[in-house]
Structure formats: structure tokens, C-alpha cells
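Subject: Structure handover

Hi,

Here is the structure I promised to pass on. Please open it first, then read my notes alongside it.

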Number of protein chains: 4
Amino acid sequence: MDRRLTQRGKERKRQLMDFAATRFAESGYHPTSVAEIVEGMGVGKGVFYWYFASKEELLLEILREAQLDMRRRQQSEMGDSTDPVDRLESGIRATMYWLAEHRDLMSLFEFAQADEHFGPLLRPGRDNSMSDVMRHVQEAMVAGRVPNGDPFVVSHAIIGVTNHLARVFILGREEPAEDVAQAAIMFCRSGLLGQRGGTGCRLR
Amino acid sequence: MDRRLTQRGKERKRQLMDFAATRFAESGYHPTSVAEIVEGMGVGKGVFYWYFASKEELLLEILREAQLDMRRRQQSEMGDSTDPVDRLESGIRATMYWLAEHRDLMSLFEFAQADEHFGPLLRPGRDNSMSDVMRHVQEAMVAGRVPNGDPFVVSHAIIGVTNHLARVFILGREEPAEDVAQAAIMFCRSGLLGQRGGTGCRLR
Amino acid sequence: MDRRLTQRGKERKRQLMDFAATRFAESGYHPTSVAEIVEGMGVGKGVFYWYFASKEELLLEILREAQLDMRRRQQSEMGDSTDPVDRLESGIRATMYWLAEHRDLMSLFEFAQADEHFGPLLRPGRDNSMSDVMRHVQEAMVAGRVPNGDPFVVSHAIIGVTNHLARVFILGREEPAEDVAQAAIMFCRSGLLGQRGGTGCRLR
Amino acid sequence: MDRRLTQRGKERKRQLMDFAATRFAESGYHPTSVAEIVEGMGVGKGVFYWYFASKEELLLEILREAQLDMRRRQQSEMGDSTDPVDRLESGIRATMYWLAEHRDLMSLFEFAQADEHFGPLLRPGRDNSMSDVMRHVQEAMVAGRVPNGDPFVVSHAIIGVTNHLARVFILGREEPAEDVAQAAIMFCRSGLLGQRGGTGCRLR
DNA sequence: AATGAATGAGCGTTCATTCAT
DNA sequence: GATGAATGAACGCTCATTCAT
């Protein structure tokens, strides 16, 4: 299935992946049949199996590309600052913006992560993102910017806040990414007991 | 499908729900066929449809029962304290213990929440849990125990931390519920910048 | 299945047959399940199989009873006159009245006659009715009241007119039995070319 | 289910419709399973659902095509004469010939007309045929060829005679269409009391 | 590269019937 | 007599995948 594709072939493949992602996000992976995808695109079944070994492979390709793209965005946003806490905040912000721009893919991630079969196949990518976050947390602890603790746990807490707020406020309520990012950052900074303040929270 | 069941009938139904929950958690809802369930239990197919209108209805019944049970546990744990922050912490702890005792159901919640069809059907239950949390957050703000802010957002942040840590450390790594609860509570209390301390974190 | 039934048993059986006939007429024989019948009557499945050997046997019993009852009515109406043509007209009228009073059973006859399995089982009863009609036709020919011809063909023509008008005007349009009977009688008497007249036709 | 079919596809569909019609006529619609049809044709199940949306849709397609074809035959036979009574007689004759050539479809019509579900779906087609007949009857009345009366009732009487004689003598006894047509025409012309004669009746 | 046609195992579900109580 | 529970073959239908053209 490693075809050398012409320019036209690459475009076809793109269209197929985009169209399938939308359908998967709307109706779910299992309920969306290959027939639906090819009919929706007005092509024959052969086209699908020319570009993808299977329906499963299609989803994995969509997912892996998305993981890569999101990570690139996070890194390009985080990379510049010298303060690790700043970098974490940039990462949260980058994540929110990316998710807001790719709601379909957010849905797909939700599905895949919860899925017995696809969940484990997402691990490598998630581990990468995870160690990105952890690196900054660790650095922040070493630098004394953040109290000592288990960086793995703290990183997961950050990810938990970020993802859940994205789910609720971006996927569910279509709030502006900036506002959701601010909310996540503020909670991650100081939790419940710390002083709320600064830019405040514009959600709702 | 509202049958008046004998004692034997009720037991059968229980067995079916428990067995199905395990299978759904192990292999996923879609990949688990009704045939697999009844064969696994050594009964005829008719039995299944004697107790449940459909495979879907079975899942919903499992899910609704689980939501109810978890909420009962949270409330019985939270109810006694006069301090709203204490109550929130009790709620987090109750959640962790419940999830640790019902890993299968945690898996099922993950799946259902991410699912295009079942997700929305979980809403009523989730809204109830949500408003439980929010009530305490609001009270804590009014009492000055917690800086003012949007209680809806703050509640979701708490839920995000709790669920994600549960996912990673209880479902994925089978850590003791108490430790995971402590970790969640500590992060929720003071976020990144607050002082880490107290009982410390025993995860890993 | 030849049970000696108590009084209560006979009533139960009656109720079952009446209820089933209604349901069969409304929704069709195949689409109506035994479960539907017993649930509709609020009894258990056992009751059904106590009174009937099978669903098929139930239908046959309904049908045979109906054939018998209709024939009794035709004969009691026809029997008195000395003119065979009068008797034929009385038969048509009796048929229309009976069908109007038993629309459900008319539906069932329609179904059963068209059915590959039940059709042939209705033969004995239909043959009886047929020879009733034929006897009068033959007599009328012998008496010179009606031109000679094949009494079998003529009898079927009469039956065709009667049944079809019943189907259309009694089952479909709920016209009064008397009017439909008049219409059938008039057409059977003189066909297209004969003089229309007498009481006229009140249909529509 | 509006597929653009290749030549091969059209032939397959034809074969399926013909084969299914035969089976339905032999064993009945409900008792004939899709599996039986595809096995009888030696193809996979998918083939069936490639050409038809459902078993029901298949029957409807068969039925509608048959209605259309029969009506075409009636009209081509009736169209030429200037005398409306002649046209009615041609219509009866055309019907008998068509039914004799399509015994399977006659069976299917019987079933469908008596069926709670399919009966109503046949209405449009039957209404068309009905108004064809009525037009001629009305014209005959206006022209004084036939005594005045309700053309709707008279038309239904004609249809009743024709269909019933077809049922008995063509479907049941395989008599020649010409003889059955003659018998129907004669009865419709002059009923019971008119003079029998002319070509006489060759049935039996 | 692409098509329409075909495959067939497997799905969720139904239902006439039987049975233990 | 009557019940709720159970059976299991059969049903209509789906769908990822393959194939001939």
C-alpha cells in the first residue's frame, strides 16, 4: 500500500481522508461504511482500496497525521520562551487553537482513545506529546518555578484539564480558543485555592 | 419491555448485564456481538431479547445504572462535611474509589462519552453530576474559601483532572485509588504554582 | 387438542379467536405474532397452546367456523322461496349482510384464499357454497327462468360479482349491505345490456 | 438504490425479478426467504441487495411493472374500436390473455391485493385500470348502448366477473384464455336473464 | 486508475413452540 | 389451567473486501 502517487493521486487521497474524517466525526467510525464514503465522493469502491489497505488503515493514517500536525503546532508555539512555565502555557494555547480548528479530528481522537482497538495504537503519539509536556514540567521544578512533585502526575493533570475544557467548551459550546486556553492556564497555574485574577475568565 | 420478573428473572438479568459489561469493556461495544454474549453465558438468543429490547438498550441500562450508583457513592461521601472544599475532595476520592472498583464501567463510560450516538444519551446523568460539583464550588466561592471565578469552568477543570488521572493511573496502571485521589486533590487545590506538600504523592 | 373444555374454557377460547381474528384482519396473519395475541389479551403463552395446537390451527378454526356460519345464513335466507332466481338473490343478499357484519372475517377470507398454504384448505367449504349456488342456477335453467348455459360458469360469475362488490363497497367504503346487494343482484340479473331499473342503485 | 446498471446488471435484475416472482407465486411471499432466492440463483446474498433495497421493494417492483404491462396490453387491445361495448369486451379479452400468460403474476396480485400492507400500495395502479374501464362504461351509457346506472358500480361488477373467472378457470383449471374471455363477456353482456347464445360457452 | 458487480460471513432480531414450576 | 422463562433455527440485511473488465 506504499504507492507512488501522482499529483492527482495525492489530491484524491487528501480528499478521501478529509471526507472520511468528517463522516467519522459526524456519525462515528463503525457506523460509517466504506460504501458511504465512496458514494459521498462519487467514486467507485476500487478507488478507496487503491489508496488505503483497509478502513482501519484509513483511520490510522488520519489519526497519525493529526497527531503529528498537532505536535508540530505545539512545538512551534512553545519553542521560543526561556521560561518553562511560559512554554507550558504556550503549549496549552497551541493545543486549544489547533483543536478549535480541527473539531472533526478532536472527535476522532476522543473515539480512538476510548476504543479498545485503536486506543493502544495511539500510544506512541501520545507518549511523545506526554514527554514534551513532562520535559517542561521537570525543567520548571528544577528551576524552582514550580514546587517539586511527580512531573508525570502533574503533566497528566495539565493534560486532563486542557483536554476536558476543550471537549466541553470547544467541541461542545464552540467558545473562542483563546478564552478556553486562558481558563485552562489559570486553573493549571493556581488550582482552586490560588488567587484568581489577571485577565479573568471570559467563558460564558 | 417492562416485564414483571421473578426472582430468577432478576438474577438472570443481573448476570447478563455484568457479563455484557465485562465483554464490552474488553472488546468494545460494536465488536461484541449478542451471539458472543449469549454463547458466553450458555443460553439461547431468546433469553437476551427476553430481558432487553435491543443490544443498545442493554448498554444504556448498564450505563444508567452505573451513573446512578456512582453518584450515590459521591453524595454519601460528600454529604457530611460543612466545608465545601472538603466536600469536593470527598467527591474526588469517592469517584476514584468507585472507578477503581468498576474498571469495566469506567471503560464503558469512556466509550459512550466519545460515541456520537451514546454520548448525548449520557447527558442527563452527567449534568446531574456536574451540578453536584458546581454547587460546592459556588458555595466555596461565596464562603471565600476559593477565589471568585466561573464555577462552571472551575468545576469542569476539576472533573477533567479527576477523570484523566483516573484514566491513566487507575484504568491504565492500576494504582491504588487513594493515591490517585490524593494526586488529583493536590493539583486541584493549588495547581502548578502552589506549594506541593502535605501527604505528598505516592504515585509511581 | 380435542380438549373437553369447561364453560370458562369455552369462553376463553372464544375470546382468543375473536381477538386473533381482529388482529389478523388489522395487521395480517404473518405479521401478527402469537406473543402479540397473548399480550393483547393479558395472558401467558401457555394459554394459547392450551387451546390451539398452533397458530395455523387457530386460523383454520376461525376460518372454518366462519364458513359454516356464513353458509348457515345463506341457506336460512334462501330456503323459503319457490323461485330459484329469488333464492339466488336471497343468497346474494344474505352474503352481503353477513360480510358487512363480519368485516374482519371477510379480510381473513381474502387473505386465506390468496394464500398458497391456506387457500387449498378452504376448498371444501368453498365447494359447498359453490354447489349451493349451482343447484339454484341449474334449477333455474331447467325451469326456463334462465337461458341454458354452463351452470358452473354462471355460478362463478355470480360469485365473482358478489365478492368483488363486497370487497369494494363493504370492506372498502362501508356502504349499506342492502344497497350493495341490490347492485350485485341487478348486474347479475341483466348484465350490461339489460334494462337497468326497478329500485335503482343507491351506491355513492 | 437508483443504480446505473450495465447491460449485465440489467439482465441480472431481470433474472432476479423473474425468479423471485415464480418463487413468490409458488410458495408465497412471506414463506419465501431472500436466502432461498439467492441460493436458487446460485449467487451471494449481496447480489440481491445490490439490485433491490429490500425484499419488499423487490415485490413492489415486480408488481408495478406487471400492472404497467397489463394495462399497456389492455389499452393496445381496446384502443381501435369505435363502439365502447366492443372496447370493454376487448379489455376483458386482453386481460384474460395477459393473465393466462402471466399466471405467476396473477398469483402475486391475488396475494398483494389481500395483504394489509401491500394492498394499499397497489391502489394507484388499480385506480388507473378502474378509470380506464369506467371511461368506456360511461361512454356506452351516454351513447345509449347500455342503460343508465352508476358507471363505477357497473365497472366493478365487470372487473369482479373477469377477475373471478380468471382466478377459477385460468389459474385453477388452465382453460384457454379465449374461452374464459367469452364466458366473462357473455355474462357481463346480459347477466342471468338475458339470452345465452351466440358462440356459446366452451368451458369444461 | 477506476468501475460496477459480487462475495459470504456475520449481524441484530424475531418468533412459533416447549417446559419447569 | 396458567405462568414466565427459555429455545434456536431462521430471518432480512450489512459491509469490508475482492474481482473482472
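Which strand has a phosphate oxygen 3.5 Å from a polar side-chain atom of Arg8(D)? That phosphate oxygen belongs to DNA strand E. Keep in mind that this is a predicted model.

Let's stay with DNA strand E. Around DNA strand E there are 38 residues. The closest are Gly44(A), Gly46(A), Tyr49(B), Lys55(B) and Val34(C). Of the strand E atoms that come within 4 Å of the protein, 62% are sugar and phosphate. Thr6(A) also reaches the backbone: one of its polar side-chain atoms is 3.2 Å from a phosphate oxygen of DNA strand E. Lys45(C) goes to a base instead. There, a polar side-chain atom lies 3.0 Å from a base oxygen of DNA strand E.

Which elements build this surface? Those giving two or more residues to the surface near DNA strand E are α1 (7-27) and α3 of chain A, α3 of chain B, α3 of chain C, and α1 (7-27) and α3 of chain D. By class, the surface has 13 nonpolar, 14 polar and eleven charged residues.

Now DNA strand F. It has 38 residues around it. Gly44(B), Gly44(C), Gly46(C), Lys45(D) and Lys55(D) come nearest. Sugar or phosphate holds 62% of the strand F atoms within 4 Å of the protein, and bases hold the rest.

Three contacts are worth finding on screen:

- Trp50(B): a polar side-chain atom sits 2.7 Å from a phosphate oxygen of DNA strand F.
- Gly44(C): a polar backbone atom is 2.6 Å from a phosphate oxygen of DNA strand F.
- Lys45(D): a polar side-chain atom is 2.4 Å from a base nitrogen of DNA strand F.

The elements giving two or more residues to this surface are α3 (45-51) of chain A, α1 (7-27) and α3 (45-51) of chains B and C, and α3 (45-51) of chain D. The residues near DNA strand F divide into 13 nonpolar, 15 polar and ten charged.

Last, a helix pair in chain A. Helix α6 (residues 103-114) packs against helix α8 (residues 151-172) at about 140°, with the axes 11 Å apart. That angle makes α6(A) oblique to α8(A). The crossing is left-handed. From α6(A), Arg103(A), Met106(A), Ser107(A) and Glu110(A) take part. They meet Ala166(A), Arg167(A), Ile170(A) and Leu171(A) in α8(A). The contact counts four nonpolar, one polar and three charged residues.

Best wishes

Terms used
Residues numbered from 1 in each chain as written. Chains lettered and ligands numbered in written order. Predicted model: local features only at pLDDT ≥ 70, side-chain atom pairs only at ≥ 80, totals over all residues. Heavy atoms only, no water. Near = heavy atom within 4 Å. Polar contact = N/O pair within 3.5 Å; in protein donor to acceptor, adjacent residues only side chain to side chain. Helix = DSSP H or I, 4+ residues; strand = E, 2+ residues; numbered from the N terminus. Nonpolar A, V, L, I, M, F, W, Y, C, P; charged D, E, K, R; others polar. Axes fitted to C-alpha atoms, helices over the stretch in contact; angles between N-to-C directions. Parallel < 35°, antiparallel > 145°, perpendicular 65-115°, else oblique. Left-handed = near helix turned anticlockwise from the far one by under 90°. Contact = heavy atoms within 4.5 Å.
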